[in-house]
Amino acid sequence: MTSTLQELTIDRATDSTALLAQLRADAEYFRPRLFAIYGVFHRGGRPFLGWGMELTAGEDGDTIFYEPSGATHHASSAEQVLRLHQLIADVQLAWLD
């Protein structure tokens with residue numbers, strides 16, 4: 001796979017079957033990595049658990065992280081989400097895929 005999502009263009013001369021096959025292949029190749037961050041808050045000892053998706057289709061990547069409290073966060077990587085939460089909790093990162 002050498003294409004990037006940005007390089008895919010629809011041309012009137014392009015066979016839609018071939019384009020759909022390429023899009024399907026790219027969906028697999030660029031699929032997000034799933035992860036969880038879990039642990040115990042420093043204050044109060046309450047448990048912490050959240051899930052995220054690390055997307056790498058772009059040059060820098062992008063990460064979305066969800067907490068059951070309803071909060072959703074953006075970061076550049078799962079490791080950055082982990083480092084942020086290490087400030088307030090004893091947490092670990094687990095890759096789910």
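Serine 77 is buried in this predicted model, because its relative accessible area is 15%, below the 20% cut-off. You'll find serine 77 in the loop between β4 and α2. Setting aside neighbours within four places in sequence, serine 77 is in contact with Glu54 and Thr63.

Alanine 78 touches those two residues as well: leaving out neighbours within four places in sequence, its contacts are Phe35, Ile37, Glu54, Thr63, Leu93 and Trp95.

Now for the sheet. It's an open one, built from 5 strands in the order β4-β3-β2-β1-β5, with antiparallel pairing. β4 and β5 sit at the edges with a single partner strand each, so one side of each has no neighbour in the sheet. From one strand to the next, the twist averages 25 degrees. Look at β2 and β3 and you'll see an antiparallel pair joined over 5 bridges; here methionine 53 stands opposite isoleucine 64 of β3.

Here is where the elements fall along the chain:

| Element | Residues |
|---|---|
| β1 | 33-41 |
| β2 | 47-55 |
| β3 | 62-66 |
| β4 | 72-75 |
| α2 | 78-85 |
| β5 | 89-95 |

And the helix? α2 lies across β1, β2, β3, β4 and β5, and runs at about 165 degrees to β5.

That brings us to the largest nonpolar core, which has 11 residues in all, among them Phe35, Ile37, Phe41, Ala78, Val81, Leu82, Ala89 and Val91. β1, α2 and β5 are the elements that give two or more residues to this core. In soluble globular proteins, nonpolar side chains tend to be buried together.

Technical notes. Residues are numbered from 1 along each chain as its sequence is written. This is a predicted model: local features need pLDDT of at least 70, side-chain atom pairs count only at pLDDT 80 or more; totals for chains, interfaces and linings use all residues. Side-chain values use heavy atoms; hydrogens and water are left out. A nonpolar core is a set of buried Ala, Val, Leu, Ile, Met, Phe, Trp, Tyr and Cys residues joined through side-chain atoms within 4.5 Å. Buried means under 20% relative accessible area, exposed over 50%, partly exposed in between (1.4 Å probe, protein chains only). Helices (H or I, at least four residues) and strands (E, at least two) are DSSP runs, numbered from the N terminus. Contact means heavy atoms within 4.5 Å. Two strands pair if DSSP finds at least two bridges between them. Axes are lines fitted to C-alpha atoms, for helices over the stretch in contact, and angles run from 0 to 180 degrees between N-to-C directions.
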